[in-house]
Amino acid sequence: MTYGIIDRKNHKCYTYMSKVFQAINNAQLQYNWLITDCVCYPQNNDIEKLLNQEYCWLTGDELSAIIEQEDFQWIWGCLCGFTKDITMEEVLKYPLPSAEDYNGYYQNPVSLQHPLSSVEIVPSDSSWTLIISKGKNIIDSYLKIYPKCEELLIVNQR
């Protein structure tokens with residue numbers, strides 16, 4: 001089963017990944033990350049160039065180090081986490097995920113955009129953050145810190 005939440009109340013205007021990572025108990029370290037459709041504003045030019053490509057592939061440690069170096073604003077983006085046994089070559093056999101063009105988050109059953117991903121974090125239009133996961137533990141951890149989030153399953157029924 002896939003679980004999802006939408007956070008519209010705790011991080012208005014943009015998403016700070018340091019707060020997301022803290023809320024999921026640094027589970028990002030367990031994955032490799034494909035980052036696509038990214039609009040963010042780091043002051044570090046190297047980070048900006050890295051993230052503003054068509055796609056970026058980072059280990060959880062590399063992604064965490066970037067955020068520790070500079071916790072910048074994420075306006076849009078699709079961060080797809082893959083278990084470490086899945087290679088970038090396998091991931092790139094599929095279309096690149098899009099933060100704007102995927103409706104599966106907003107339909108039941110909630111689905112991950114990339115067929116090989118285990119978790120997806122989607123800062124969306126400076127308005128909300130979506131977290132979708134095959135594991136309920138990531139969702140439960142986030143909800144402990146930010147209980148005002150809504151479960152996508154319920155939101156999508158409206």
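**Close-up 1. Cys 80 and Cys 78, two cysteines without a bond.** In this predicted model, the cysteine sulfur closest to that of Cys 80 sits in Cys 78, at 3.8 Å, and that is too far for a bond. Looking from the other side, the sulfur of Cys 78 has Cys 80 as its closest cysteine partner, again at 3.8 Å and again too far. A disulfide here would need the two sulfur atoms within 2.5 Å, so the pair at 3.8 Å doesn't make the cut. The count for the structure is zero disulfides. Cys 78 is buried, with 0% relative accessibility, and Cys 80 is buried too, also at 0%.

**Close-up 2. Tyr 105, a buried loop residue with a long contact list.** Tyr 105 belongs to the loop between H4 and E5. With a relative accessibility of just 1%, Tyr 105 counts as buried. Setting aside neighbours within four places in sequence, Tyr 105 touches Cys 78, Val 110, Ser 111, Gln 113, Glu 120, Val 122, Leu 130, Ile 132, Leu 152 and Asn 156. So Cys 78 from the previous view turns up again here, and that cysteine is buried as well. One of these partners, Gln 113, also shares a side-chain polar contact of 3.2 Å with Tyr 105. For a sense of how the chain comes back on itself, check Ile 5: Ile 5 and Tyr 105 are 100 residues apart along the chain, yet their C-alpha atoms are separated by 9.3 Å.

**Close-up 3. Asn 156 and its partner Asn 108.** Asn 156 is part of helix H6, which covers residues 152-157. At 18% relative accessibility it falls in the buried class, for which the cut-off is under 20%. Its side chain makes a 3.2 Å polar contact with the side chain of Asn 108. Not counting residues up to four places away in sequence, the contacts of Asn 156 are Tyr 105, Tyr 106, Gln 107, Asn 108 and Val 110.

**Close-up 4. A cis peptide bond at Pro 109.** Follow the chain on from Asn 108 and you hit a cis bond: the peptide link to Pro 109 has omega near -5 degrees. Pro 109 is in the loop between helix H4 (88-91) and strand E5 (119-124). Tyr 105 from the second view is in the loop between H4 and E5 too.

**Close-up 5. The largest pocket and what lines it.** This pocket holds about 150 Å³ of space. Its lining is made up of Met 1, Thr 2, Tyr 3, Gly 4, Pro 109, Val 110, Lys 136, Ile 139, Glu 151 and Leu 153. Two elements, strand E1 (3-7) and helix H5 (136-145), give two or more residues each to that lining. Sorted by class, the lining comes out as six nonpolar, two polar and two charged residues. Pro 109, the residue on the far end of the cis bond from Asn 108, is among the lining residues.

**Close-up 6. Asn 25 and Asp 37, two positive phi values outside glycine.** Asn 25 has phi near 55 degrees, which is positive even though the residue isn't glycine. You'll find Asn 25 in the loop between helix H1 (17-23) and strand E2 (31-40), and it is exposed, with 57% relative accessible area. Asp 37 is the other case shown, with a positive phi near 50 degrees in a non-glycine residue. Asp 37 lies in strand E2, and at 27% relative accessibility it counts as partly exposed.

Methods
Residues numbered from 1 in each chain as written. Predicted model: local features only at pLDDT ≥ 70, side-chain atom pairs only at ≥ 80, totals over all residues. Heavy atoms only, no water. 1 Å grid on protein atoms, 1.4 Å probe; cavity = no way out; pocket = protein on both sides within 12 Å on 5 of 7 lines; lining within 4 Å. Points joined across faces, edges and corners; volume = space filled by probe spheres on them. Helix = DSSP H or I, 4+ residues; strand = E, 2+ residues; numbered from the N terminus. Nonpolar A, V, L, I, M, F, W, Y, C, P; charged D, E, K, R; others polar. Buried < 20%, exposed > 50% of the residue type's maximum accessible area, 1.4 Å probe, protein only. Polar contact = N/O pair within 3.5 Å; in protein donor to acceptor, adjacent residues only side chain to side chain. Contact = heavy atoms within 4.5 Å.
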